[in-house]
Amino acid sequence: ASGITNNAGATITVNATGSVTDTLNNSGTATNSGLYNADVTNTSPGTVTNNLTWNGNLLGNTGMVTNASTGTWTGDATNSLGGTLINNGTWFGAVSNAGTFTNNSGATVSGGLTNTGSASNGGTIASLTNTNGTFSNTGIVTGASSVSGGTVTNSRFFQSTLGVSGGTFTNNTGGSVTGTTTNTGGAVTN
């Protein structure tokens, strides 16, 4: 198959008993409530909503992609500058963010987050690599993390080591870093 192109103004809907297996280039509206097996590129003004099971990488996003609280997405995600990625469910894979990424309360990202954009975590993320941009944590970051640029604000838990070589890390009241914090050139406020 050569892939599916869903243009602006067009709609793809996969119902609970339905499935699609093919790559997707989307600038319209795609809603999955069944099984979708595909890598996807989402271009503004496109929206992609996963309500159940999506297997495939998010290759790029300048529109809006939402993984619902009932959704499980398996694959790595690239959220591009101008894109919005919201995870309310389970994400098995890593997220690379240059746009706006929100991991809400109760949501998980198993593969960690690399951030150069604007990101926030109220759920659980495996690790953080912040090279630019902003990251706000009111949830849990479980693995070894690093800050080499940008601004990171923690109000809850970093459960492993933290390396700061640039940028700013602020540990607010109620925030904690369980592992050793090593500062080799950034600013750390506790």
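Let me start with Phe169, which counts as buried at 2% relative accessibility. Buried here is under 20% relative accessible area, exposed is over 50%, and partly exposed lies in between, with a 1.4 Å probe and protein chains only. Phe158 is buried too, at 1% relative accessibility.

Before going on, the ground rules. This is a predicted model, so local features need pLDDT of at least 70 and side-chain atom pairs count only at pLDDT 80 or more, while totals for chains, interfaces and linings use all residues. Residues are numbered from 1 along each chain as its sequence is written, and side-chain values use heavy atoms, leaving out hydrogens and water.

Now the whole chain. The protein chain has 32 strands and zero helices; both are DSSP runs numbered from the N terminus, with strands being E runs of at least two residues and helices H or I runs of at least four. Its radius of gyration is 17 Å, close to the 16 Å from the globule rule for 190 residues, so the chain is as compact as a globular protein of that length. That radius is taken over C-alpha atoms, and the globule rule is 2.2 Å times the number of residues to the power 0.38. The C-alpha trace spans about 50 × 25 × 25 Å along its principal axes. Of the 190 residues, 43% count as buried. For contacts between residues at least 6 apart in sequence, 3% join residues at least 24 apart; a contact is heavy atoms within 4.5 Å.

Next, the sheets. One is an open sheet of eleven strands, parallel in its pairing, in the order S2-S5-S8-S11-S14-S17-S20-S23-S26-S29-S32. Strands pair if DSSP finds at least two bridges between them. At the edges are S2 and strand S32 (187–189), each pairing on one side only. From one strand to the next, the twist averages 5°, using axes fitted as lines to C-alpha atoms, with angles from 0 to 180 degrees between N-to-C directions; for helices the fit covers the stretch in contact.

Inside that sheet, strand S14 (residues 84–87) pairs in parallel with strand S17 (residues 100–103) over four bridges. Asn87 has Asn103 in S17 as its bridge partner. Further along, strand S20 (residues 118–121) runs parallel to S23 and is joined to it by four bridges, with Ala119 opposite Phe135. On to strand S26 (residues 151–154): S23 pairs with it in the parallel sense, again over four bridges, and Asn137 stands opposite Asn154.

Which way do the side chains of strand S23 (residues 134–137) point? They alternate: Phe135 and Asn137 are buried on one face, whereas Thr134 and Ser136 point to the other and are not buried.

The other open sheet has ten strands, also with parallel pairing, in the order S3-S6-S9-S12-S15-S18-S21-S24-S27-S30. Strand S3 (19–21) and strand S30 (176–177) are at its edges with a single partner strand each, so one side of each has no neighbour in the sheet. S3 pairs in parallel with strand S6 (residues 35–37) over three bridges, and Thr21 stands opposite Asn37.

What fills the core? The largest nonpolar core has 31 residues, of which Tyr36, Trp73, Leu85, Phe101, Leu113 and Phe135 touch the most other members. Strand S2 (11–14) and strand S28 (162–164) are the elements giving two or more residues to this core. By nonpolar core I mean a set of buried Ala, Val, Leu, Ile, Met, Phe, Trp, Tyr and Cys residues joined through side-chain atoms within 4.5 Å. Beyond its neighbours within four places in sequence, Leu85 contacts several residues, among them Leu58, Val65, Trp91, Val95 and Phe101.

Last, the rings. How many aromatic pairs are there in the whole structure? The search finds four. Rings of Phe, Tyr and Trp (the six-membered ring for Trp) pair with centres within 6.5 Å; planes under 30 degrees apart are stacked, over 60 edge-to-face, and the rest tilted. Trp54 and Trp73 are stacked, 4.7 Å centre to centre with 10° between the planes. The pair links distant parts of the chain, Trp54 in strand S9 (residues 53–55) and Trp73 in strand S12 (residues 72–74), 19 residues apart. Trp54 is buried at 0% relative accessible area, and Trp73 is likewise buried at 0%.

That returns us to the opening residues: Phe158 and Phe169 are an edge-to-face pair, 5.5 Å centre to centre with 85° between the planes. Phe158 is in strand S27 (residues 157–158) and Phe169 in strand S29 (residues 168–171), eleven residues apart. Finally, ring pairs join Tyr36, Trp54, Trp73 and Trp91 into a cluster.
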